[in-house]
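Please look through the structure below, and then follow the explanation with the sequence beside you.

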Amino acid sequence: MIDKLIERIKELNNPTVVGLDPREEIIPEFIRKESYRKYGRTLKGLANAYFKFNKMIIDEIYDLVPAVKPQISMYEELGPDGIDCFIKTIKYAKEKNLIVISDIKRGDIASTAKSYSRGHIGRVSVGGNEHKVFDADFVTINGYMGYDAISPYIENCKELDKGMFVLVKTSNPNSGDIQDLKTEEGRYVYEHMGELVSKWGEELIGKYGFSKIGAVVGATYKEQGKILREQNPNTFFLVPGYGAQGATAEDLKGCFNEDGLGALINSSRGIIAAYKKDEYKDRYSEEEFHKAAREAVIRMRQDLLRVL
Ligand SMILES: O=c1ccn([C@@H]2O[C@H](COP(=O)(O)O)[C@@H](O)[C@H]2O)c(=O)[nH]1
């Protein structure tokens, strides 16, 4: 799947992933109203509104970007209806030839990780019958529990041509509390994690020189991104933090190789809630939120290509 991701990035000339992070406050009123009329102001009502919203966003951007990244927390908090919406969103995005990165950030002991992995990127066997449950193409994983905790995902990546992005240097303001500590050898913890991710991915390198085991590297940490890029030439980066979290194209330039490959840049609120921003508000009504998202994707692409 890493090869397909790279091919799609090249075909579309766009290293962008759109984050599908719906929240009640960003769902336009006409969608909420219709859904609440049908299902009431219930968890099902909101989950149904999320799906309609996601579908309209996907329909508007699938020809521009290689991938989408649904963030599971927004769906999980709604319970079974939210999870149903998460599954339907993945299925719909894949029907539109989008690569799906499920942002699940799981991390647990191996026996438990096996179940997470089977559910999200593998197969679940019931009485010998195999079922695809979530069927994402990639997942995000917290690898700070060490190799055994991520090995089940690696197995699924190998067998089923899936992929994963392991947290290395995260975009949040306090990521340095642990990730910027120094190890006994005098290196930063994030550097050590970057090296581990490269090692874990050594046997899964595809035809473009990148492994199925990638890393999450926050755009909000410019210098660290550059260092990690230099130290891990075969690791593909998923880079959140652009836009709503304040990182600019200049900040994340160092996450790419000389040839302009090596990273996929995420924007969630910056795209899906673009219609609420001053620069779009005057030109797009709430009903045209998806058109504003399309323009935001085009502008993001131009901004990224400018620095590559
Ligand atoms: O270090 C990380 C890892 C993951 N994320 C996720 O990316 C998006 C960012 O959303 P924006 O609206 O573009 O800020 C969100 O789903 C996070 O959970 C991250 O931000 N940083």
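Which residue does UniProt list for "active site" in an unreviewed entry? The residue listed there is Lys-105, with the caution that UniProt positions are given in the numbering used here, feature names are shortened, and annotations may be inferred rather than shown by experiment. The model is predicted, and local features need pLDDT of at least 70, while side-chain atom pairs count only at pLDDT 80 or more and totals for chains, interfaces and linings use all residues. Residues are numbered from 1 along each chain as its sequence is written.

Lys-105 lies in strand E3, where helices (H or I, at least four residues) and strands (E, at least two) are DSSP runs, numbered from the N terminus. Lys-105 counts as partly exposed because it has 17 C-beta neighbours inside 10 Å; a residue is buried if 20 or more other C-beta atoms lie within 10 Å of its own, exposed if 12 or fewer, and partly exposed in between, with C-beta atoms placed from the backbone. Leaving aside neighbours within four places in sequence, Lys-105 is in contact with Thr-140, Ile-141, Asn-142 and Leu-167, where contact is taken to be C-beta atoms, placed from the backbone, that lie within 7 Å.

The same kind of record, an unreviewed UniProt entry, lists residues 15-284 for "domain: Orotidine 5'-phosphate decarboxylase". The end C-alpha atoms of residues 15-284 lie 26 Å apart, and the span is 42% helix and 17% strand.

The ligand is surrounded by 19 residues, of which the closest are Gln-71, Thr-170, Pro-240, Ser-268 and Arg-269; a residue is near a molecule if its C-beta atom, placed from the backbone, lies within 6 Å of it. Strand E10 (263-267) and helix H12 (269-272) each supply at least two residues of this shell. By character, the shell divides into three nonpolar, 13 polar and three charged residues, where Ala, Val, Leu, Ile, Met, Phe, Trp, Tyr, Cys and Pro count as nonpolar, Asp, Glu, Lys and Arg as charged, and the others, Gly among them, as polar.

Helix H5 is a good place to look at how a helix sits against its surroundings. With 16 residues (80-95), H5 reaches 23 Å from its first C-alpha to its last, close to the 22 Å expected at 1.5 Å a residue, the expected span being 1.5 Å times one less than the number of residues. Its buried residues are Gly-82, Cys-85, Phe-86, Thr-89, Ile-90 and Ala-93. Seen down the axis of H5, these buried residues fall within an arc of 135 degrees, so they line one face of the helix; the arc is that of the directions from the helix axis to the C-beta atoms. An α-helix has 3.6 residues a turn, so residues three or four places apart point the same way. On the other side of H5, Pro-80 and Glu-95 are exposed. The buried residues of H5 pack against strand E1 (16-20), helix H3 (43-61), strand E2 (67-70), helix H4 (72-76) and strand E3 (99-106).

One residue of helix H4 is Glu-76, which counts as exposed because it has 12 C-beta neighbours inside 10 Å. Glu-76 is nevertheless in contact with Gly-82 and Ile-83, when neighbours within four places in sequence are left aside. The C-alpha atoms of Glu-76 and Phe-86, 10 residues apart along the chain, are separated by 8.3 Å.

Helix H10 (residues 222-231) can be read in a similar way. Gln-224, Gly-225, Leu-228 and Arg-229 are buried in H10, and they line one face of the helix because, seen down the axis, they fall within an arc of 135 degrees. The face turned away from this buried side carries the exposed residues Glu-223 and Glu-230. The elements that cover the buried residues of H10 include strand E7 (163-169), helix H9 (189-200), strand E8 (213-217) and helix H11 (249-252).

Some backbone details remain. Most residues other than glycine have a negative phi, and most peptide bonds are trans. Asn-13, although not a glycine, has a positive phi of about 50 degrees, and it lies in the loop between helix H1 (2-12) and E1. Asp-135 has a positive phi of about 60 degrees and is found in the loop between strand E5 (129-131) and strand E6 (138-141).

How values were computed
Contact = placed C-beta atoms within 7 Å.
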